Amino acid sequence: MRILIVLAVLTAASGSTIVTNRPEVDSAGASVHPNSVPETVKESVLYEQEAVEDVMTNEELNPIHYPAQRAAKVVLHYLNSRCGSPYKLFELQTVYRVNAEDVADSGRKYRMEISVKEMFGNTVEKCSAEVLFPRGEQQGSPKVQTSCEELLKINTKSQEEALYQQYKTRHSLLSAQNLPDSYGHIEPDMTPFWCLGALASSFVMLAESTEETLYNMAQVTNITQLATEDDRLKFDYHILLHDVVSQEIIPWNLLITWSPPEGVKVLQMKQLPPHQKLL
């Protein structure tokens, strides 16, 4: 049985807390998922609790228009990068309401109500979220705060452990190309590695997102498993990102590790020369 991945450009409706089903609690009582990026990126995307700032303007956005969809998609990148796994991937189902306001000396903040769906188990949850796009001297990656408690209860530990043992003990290292292929197909045994690519690309899309972008992962063009002496699986990924706004196809090279206890760790991320725009 083959799995069909439909690649479509987002035109209307296409989510998270830093808690997971394997949480580690810090001294402030907040839970943190093991998925991670290099420190220079992680510091720029983690949400920071700050005092309420002066609001300059406030407006209700049409939830099906680009400004609302862009902000909601950033929440999805955050949720996948922090809480996803090879057997747990989230997609944006509905954007119900989005309110945007200019915050003095900080940027533009979007408050929203959205529903998020886990694509394998079909669990759906309505979540509230905030996204701040920094401006001026504070310009950088968006900062996200959200809560999706039911989605975090999804337990894929047994599937993850089976996958880990299979590829940690096999004699030959994994190598695959074009996930999905030109017909939109992925072999079932390659689906977890497509998901790993989607999770890794979520770190890039979260770090690179602005109020002028709307990113999707278009394809994993190449994946190579690398030898490692520790307990993690290590992969070199080449992926294509699609910016719906500019219609650019942007290649990235990502070096990642993964294990069930630690989740996805992005060790390196490098943007490659761009592909041509989609017509």
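A disulfide is a pair of cysteine sulfur atoms within 2.5 Å. Keep that in mind as you work through this predicted model.

**Exercise 1. Find the disulfide and describe it.**

How many disulfides does the structure hold?

- Step 1: Look at the sulfur atoms of Cys127 and Cys148, which sit 2.1 Å apart. The cut-off is 2.5 Å, and Cys127 and Cys148 do form a disulfide.
- Step 2: Check the count: the structure holds one disulfide.
- Step 3: Now the twist. The angle about the S-S bond is 135 degrees, and the link of Cys127 and Cys148 is right-handed.
- Step 4: See what gets joined. Cys127 belongs to strand 7 (residues 124-134), while Cys148 lies in the loop between strand 8 (143-147) and helix 3. With their positions 21 residues apart, the pair links distant parts of the chain.
- Step 5: Are these two buried or exposed? Both Cys127 and Cys148 are buried.

**Exercise 2. Check on Cys83 and Cys195.**

- Step 1: Cys83 is in no disulfide. Its nearest cysteine sulfur belongs to Cys148, 8.4 Å away.
- Step 2: Buried means under 20% relative accessible area. Cys83 has 0%, so it counts as buried.
- Step 3: Do the same for Cys195: at 0% relative accessibility, this residue is buried too.

**Exercise 3. Work out which side of helix 3 faces inward.**

- Step 1: Get the basics. Helix 3 covers residues 157-169, which is 13 residues, and it reaches 18 Å from its first C-alpha to its last, close to the 18 Å expected.
- Step 2: Which residues of helix 3 are buried? They are Glu160, Leu163, Tyr164 and Tyr167.
- Step 3: Why do they share a side? Because they cover an arc of only 100 degrees around the axis, they end up on the same side of helix 3.
- Step 4: Turn to the face pointing away from that buried side, and you'll meet the exposed residues Ser158 and Thr169.
- Step 5: Find the cover. The buried residues of helix 3 are covered by elements including helix 4 (191-208), strand 11 (215-226) and strand 12 (233-243).

**Exercise 4. Place Asn80 in the fold.**

- Step 1: Asn80 is part of helix 2 (residues 66-83).
- Step 2: Its relative accessible area is 5%, so Asn80 is buried.
- Step 3: What does Asn80 touch, leaving out residues up to four places away in sequence? The list is Asn35, Leu89, Phe90, Leu199 and Ser202.
- Step 4: Take Leu199. Asn80 and Leu199 are 119 residues apart in sequence, yet their C-alpha atoms are 5.8 Å apart in space.

How values were computed
Residues numbered from 1 in each chain as written. Predicted model: local features only at pLDDT ≥ 70, side-chain atom pairs only at ≥ 80, totals over all residues. Heavy atoms only, no water. Helix = DSSP H or I, 4+ residues; strand = E, 2+ residues; numbered from the N terminus. Expected span 1.5 Å × (residues − 1). Buried < 20%, exposed > 50% of the residue type's maximum accessible area, 1.4 Å probe, protein only. Arc of directions from axis to C-beta. Contact = heavy atoms within 4.5 Å.
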